[in-house]
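Biologist: Please show me the sequence and the structure, and let us then ask how each term is justified.

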Amino acid sequence: MKVKISELQGEALDRVVEECEQFVEDEFEPSENWADGGPIIEREWLDVTPWPNESDEDMRWQCKQHDSIDCVAFGPTPLVAAMRCYVA
């Protein structure tokens, strides 16, 4: 089953990030836990900024990879936006 990256969230998004990180760890929740997602944001130079979109709750935050126009993702939280950008 194919799912759009822009629709990934929760455990499904965390599992895809885990695959990209090439390891399996219990309680790895990078889209919900700053201790898990923060290091990825720093390492990958992901820029997360508020994106005031009152009509679509899933687009409250924008994330871009620093110095890249190829990766832009949105999410309801900074971590969700960042992890969507990372797996893209």
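**Strands, cysteines and core**

Modeller: Strand β1 (residues 46-50) runs antiparallel to strand β2 (residues 61-65), and the two are paired over 5 bridges. This is a predicted model, in which local features need pLDDT of at least 70 and side-chain atom pairs count only at pLDDT 80 or more, while totals for chains, interfaces and linings use all residues. Residues are numbered from 1 along each chain as its sequence is written, and side-chain values use heavy atoms, with hydrogens and water left out.

Biologist: What makes β1 and β2 a pair?

Modeller: Two strands pair if DSSP finds at least two bridges between them. β1 and β2 have 5 bridges, so they pair under that rule. Strands are themselves DSSP runs (E, at least two residues), as helices are (H or I, at least four), numbered from the N terminus.

Biologist: With which strands does β2 pair, and where does Gln62 fit in?

Modeller: β2 pairs with β1, and also with strand β3 (residues 72-75), in the antiparallel sense over 4 bridges. Gln62 lies in β2; Gln62 is the bridge partner of Thr49, and in β3 the bridge partner of Gln62 is Phe74. β2 and β3 form a hairpin with 6 residues between them, and Asp67 in the turn has a positive phi of about 60°.

Biologist: Why is Gln62 called buried?

Modeller: Buried means under 20% relative accessible area, exposed over 50%, and partly exposed in between (1.4 Å probe, protein chains only). Gln62 has 9% relative accessibility, so Gln62 counts as buried. Leaving aside residues up to four places away in sequence, Gln62 touches several residues, including Trp51, Val72 and Ala81; contact means heavy atoms within 4.5 Å.

Biologist: How do you know that Cys71 and Cys85 form a disulfide?

Modeller: A disulfide is a pair of cysteine sulfur atoms within 2.5 Å. The sulfur atoms of Cys71 and Cys85 are 2.1 Å apart, so the pair qualifies. Cys71 lies in the loop between β2 and β3 and Cys85 in helix α3 (residues 78-87), so the disulfide ties together parts that are 14 residues apart in sequence. Cys71 and Cys85 are buried, and the structure holds 1 disulfide.

Biologist: Why is Cys63 not bonded to Cys85?

Modeller: The closest cysteine sulfur to that of Cys63 is in Cys85, at 4.0 Å, which is too far for a bond. Cys63 has a relative accessible area of 0%, so Cys63 is buried.

Biologist: Why is Cys20 unbonded, and is Cys20 buried or partly exposed?

Modeller: The sulfur of Cys20 is 11 Å from the closest cysteine sulfur, in Cys71, and that is too far for a bond. With a relative accessible area of 35%, Cys20 is partly exposed.

Biologist: Which residues of helix α2 (residues 34-43) are buried, and what covers them?

Modeller: The buried residues of α2 are Asp36, Gly37, Gly38, Ile40 and Ile41. Their cover includes α1 (10-21), β1 and α3. After α2 comes Trp45, whose phi is positive, near 55°.

Biologist: What makes a set of residues a nonpolar core, and which residues have the most contacts inside the largest one?

Modeller: A nonpolar core is a set of buried Ala, Val, Leu, Ile, Met, Phe, Trp, Tyr and Cys residues joined through side-chain atoms within 4.5 Å. The largest has 18 residues, and Leu13, Val17, Leu46 and Met83 have the most contacts inside it. α1, α2 and α3 each supply at least two residues of this core, and the largest share, 8 residues, comes from α3.
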